Amino acid sequence: MTSAQVDVLLVAVVVAAACAIPGTFLVLRRMAMMSDAISHTVLLGIVLAFFVVADLNSPILIIGAALVGLLTVGLVEAVSRTGLVRQDTAIGLVFPALFSIAVILISRLAGNVHLDSDAVLLGEIAFAPFNRFAPFGLDLGPVALWVMGTILVVNLACTALFFKELKLVTFDPALAAALGFSPALVHYGLMAVVSVTAVGAFDAVGSILVVALMVGPPAAAYLLTDRLPRMLGLSVVIGAVSAVGGYWLARLLDTNIAGSMATVVGVVFTLILLFAPPRGLVASVRRRRRQRWTFASQMLLIHLATHEGTAAEADESRPDHMHRHMRWPAEFADQVIQTATERGLVRLDNEQLRLTAQGREIARAAAVR
């Protein structure tokens, strides 16, 4: 690989890791679409800050973007607290308005400035290696790598320092308030981190990929584990793998790198959604099938136990009459009887189904429940 390819891959992996950390808490707090809103509205903060400092490389732009990100959260909550609309509706009202203002300001007042809304949305990570960080003439790598590396370190530090508060507020905000923590302060702190992460990734990958990396890997990790530390680690790994895979897919198809990375994120999530051991769709279908057969077997055992020793036992325990007594399709009844026989729960004796000791115990326990 060339040095430029290595730089692109490093930037992609660092961006994926930086986005996955706050994205995990957004997914757990059911605020995934807030990342979409913030990643668009921070453009307004960039524009307004640029009008003040007239320098696209000024750190004031990140501060302005973070403030507008917090403004977005405040406006969404203010609208949703009226009780007239839901939070998702409030997001759909607030972020298009703020983003549209930014686009209008760019088109009317910054037409001659390299501040393109399309570039912010789509990004082009292939250009990252050409913008070098070279203090005193010493080439230290792409600027995007240093910016996102710094943001990644900040995100890791904030998560480590406030892990207990984030975990408590995420899962039980009422208990957090009772223990003296401020759920609102933690909430707005998290939103500030999301805002800074989003604006830091704009120049490299664009807002579309920011949303994909903040939501896709954490959502996939959520299907694989119930432990928060492990979910954070899996989110970073899935994001990094998706970013690298997306780069090579873009090379193969000769297409936009950010779009390919977002596509791979979607493919990875779909595969995990289908095949994740605990919560995947395939596992859920198998679990429901097992539960269906287990329930049907228990109903058969209870039926046999109910009529055991009665005058009607001879008719009620005949295998060829079972579909009529249980009101099952004949083929299904035969399959249930075969399954129960193979499991040692019933036995066939003179054309009569008899409970084994194990089957009688299961029937007794199921009847009690």
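Begin by selecting helix 10 together with helix 11 in this predicted model, where Ile 238, Ser 242, Ala 243, Gly 245, Gly 246, Tyr 247, Leu 249 and Ala 250 of helix 10 meet Ile 257, Ser 260, Met 261, Val 264, Val 265, Val 268 and Ile 272 of helix 11. Colouring this contact by residue class gives eleven nonpolar residues, four polar ones and no charged ones.

With both helices still selected, draw their axes: those of helix 10 and helix 11, the latter covering residues 257-275, come within 7 Å and cross at roughly 125°. The two helices are therefore oblique to each other, since an angle between 115 and 145 degrees is counted neither as roughly perpendicular nor as roughly antiparallel. The crossing of helix 10 and helix 11 is right-handed.

Next, keep helix 10 alone on the screen and place a distance label between its end C-alpha atoms, which are 36 Å apart; the 26 residues of helix 10, at 1.5 Å a residue, should span 38 Å, so the two values agree. Then show the side chains of the buried residues in helix 10, which include Leu 228, Met 231, Leu 232, Ser 235, Ile 238 and Gly 239. Further along, Ala 240, Ser 242, Ala 243, Gly 246, Tyr 247 and Ala 250 of helix 10 are buried as well. Stepping just past the end of helix 10, select Asp 254, whose phi is positive, at about 55°.

Now add helix 1, residues 3-28, to the view of helix 10, residues 228-253: the axes of these helices come within 8 Å and cross at roughly 140°. Helix 1 passes helix 10 in a crossing that is right-handed, and the residues of their contact comprise 20 nonpolar, four polar and one charged.

Leave these helices and go to Glu 77, which lies in helix 3, residues 60-80. Is Glu 77 buried or exposed? Its relative accessible area is 13%, and because the cut-off for a buried residue is under 20%, Glu 77 counts as buried. Once neighbours within four places in sequence are set aside, the residues in contact with Glu 77 are His 187 and Tyr 188.

For the last stop, select Leu 140, which is in the loop between helix 5 (117-122) and helix 6 (143-161). Leu 140 has a relative accessible area of 36% and is partly exposed. Not counting residues up to four places away in sequence, Leu 140 touches Phe 133, Pro 135 and Trp 146. A final distance label can run from Leu 140 to Val 13, which are 127 residues apart in sequence and, C-alpha to C-alpha, 18 Å apart in space.

Note on methods:
Residues numbered from 1 in each chain as written. Predicted model: local features only at pLDDT ≥ 70, side-chain atom pairs only at ≥ 80, totals over all residues. Heavy atoms only, no water. Axes fitted to C-alpha atoms, helices over the stretch in contact; angles between N-to-C directions. Helix = DSSP H or I, 4+ residues; strand = E, 2+ residues; numbered from the N terminus. Left-handed = near helix turned anticlockwise from the far one by under 90°. Nonpolar A, V, L, I, M, F, W, Y, C, P; charged D, E, K, R; others polar. Parallel < 35°, antiparallel > 145°, perpendicular 65-115°, else oblique. Contact = heavy atoms within 4.5 Å. Expected span 1.5 Å × (residues − 1). Buried < 20%, exposed > 50% of the residue type's maximum accessible area, 1.4 Å probe, protein only.
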